[in-house]
Amino acid sequence: MVIKHKNIFPTESPWSNTDKLLLCLDTGSWRTERPVLDREKCNYCGLCALYCPPQCMRDKGDYYEVDLAYCKGCGICATECPRKAISMVPEGEFADG
Ligand code: SF4
Ligand code: SF4
């Protein structure tokens with residue numbers, strides 16, 4: 001039996017392809033904390049992007065930016081960052097949180 005996930009979920013991570021079987025979730029709605037990146041400390045090593053489970057760290061050329069539509073607030077990027085450039089901040093501290 002083939003289970004089709006296409007069109008079941010309204011959003012998906014940009015790396016995925018709805019033409020293929022893949023569980024797609026709006027993971028940004030899970031977040032209670034969001035990662036805030038200090039660009040002064042960041043050396044653009046890419047480890048945060050490598051370890052991010054939903055792959056929502058966007059490469060901006062000389063820094064990374066979190067795609068909040070998919071960031072689930074797990075904090076793995078902050079834990080793995082060797083320069084402690086990422087802080088996890090409660091959503092309540094943001095006007096849109
Ligand atoms: S892991 Fe830390 S230092 Fe490396 S790119 Fe990410 S935020 Fe910057
Ligand atoms: S908090 Fe988790 S999901 Fe969000 S950018 Fe960091 S590793 Fe990715």
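Among contacts between residues at least 6 apart in sequence, what share joins residues at least 24 apart? In this chain that share is 57%, where contact means heavy atoms within 4.5 Å.

**Before you look.** This is a predicted model, in which local features need pLDDT of at least 70, side-chain atom pairs count only at pLDDT 80 or more, and totals for chains, interfaces and linings use all residues. Residues are numbered from 1 along each chain as its sequence is written, chains are lettered from A and ligands numbered from 1 in the order in which they are written, and side-chain values use heavy atoms, with hydrogens and water left out.

**View 1. The whole chain, with its 2 helices and 4 strands.** Follow the protein chain from the N terminus and you meet its elements in the order β-α-β-β-α-β. Helices (H or I, at least four residues) and strands (E, at least two) are DSSP runs, numbered from the N terminus. The chain has 97 residues, and 32% of them count as buried. Here buried means under 20% relative accessible area, exposed over 50%, and partly exposed in between, with a 1.4 Å probe and protein chains only.

**View 2. The largest nonpolar core, a set of 14 residues.** A nonpolar core is a set of buried Ala, Val, Leu, Ile, Met, Phe, Trp, Tyr and Cys residues joined through side-chain atoms within 4.5 Å. The members that touch the most others are Cys 48, Cys 56, Met 57, Tyr 64, Val 66, Cys 77 and Ile 86. At least two residues of this core come from each of α1 (47–51), β3 (64–66) and α2 (76–80). As background, nonpolar side chains tend to be buried together in soluble globular proteins.

**View 3. Cys 56, in the loop between α1 and β2 (57–59).** Is this cysteine buried or exposed? Cys 56 counts as buried because its relative accessibility is 2%. Beyond its neighbours within four places in sequence, Cys 56 is in contact with Glu 65, Val 66, Asp 67, Tyr 70 and Cys 71. Lys 72 is 16 residues away from Cys 56 along the chain, and their C-alpha atoms are separated by 9.2 Å.

**View 4. Cysteines without disulfides.** A disulfide is a pair of cysteine sulfur atoms within 2.5 Å, and by this rule the count comes to 0. Two cysteines to look for are Cys 52, buried at 9% relative accessibility, and Cys 74, partly exposed with a relative accessible area of 42%.

**View 5. The pair of rings formed by Tyr 44 and Tyr 64.** A search of the whole structure finds 1 aromatic pair. Its ring centres, those of Tyr 44 and Tyr 64, lie 5.2 Å apart with the planes at 35°, so the pair is tilted. Rings of Phe, Tyr and Trp (its six-membered ring) pair if their centres lie within 6.5 Å; planes under 30 degrees apart count as stacked, over 60 as edge-to-face and the rest as tilted. Tyr 44 is in the loop between β1 (33–37) and α1 while Tyr 64 is in strand β3, so the pair ties together parts 20 residues apart in sequence. Tyr 44 is partly exposed at 30% relative accessibility, whereas Tyr 64 is buried at 12%. Leaving aside neighbours within four places in sequence, the contacts of Tyr 64 include Leu 37, Gly 46, Cys 48, Ala 49 and Met 57.

**View 6. Glu 91 with Arg 31 and Arg 34.** Look for Glu 91 in the segment after β4 (86–90); with 9% relative accessibility, Glu 91 counts as buried. Its side chain makes polar contacts with the side chains of Arg 31, at 2.7 Å, and Arg 34, at 2.8 Å. A polar contact is a pair of N or O atoms within 3.5 Å; within protein, one must be able to donate a hydrogen and the other to accept it, and residues adjacent in sequence count only if both atoms are side-chain atoms.

**View 7. Arginines over rings.** Arg 34 lies in strand β1 and is buried, at 8% relative accessibility. The charged end of Arg 34 sits over the ring of Phe 94, 4.0 Å from its centre. Elsewhere, Arg 39 lies over the face of Tyr 63, at 3.6 Å from the ring centre. A charge sits over a ring if NZ of Lys or CZ of Arg is within 6 Å of the ring centre and within 35 degrees of the ring normal.

**View 8. Leu 68, in the loop between β3 and α2.** Leu 68 is partly exposed, with a relative accessible area of 29%. Apart from neighbours within four places in sequence, Leu 68 is in contact with Gly 28, Arg 31 and Arg 34.
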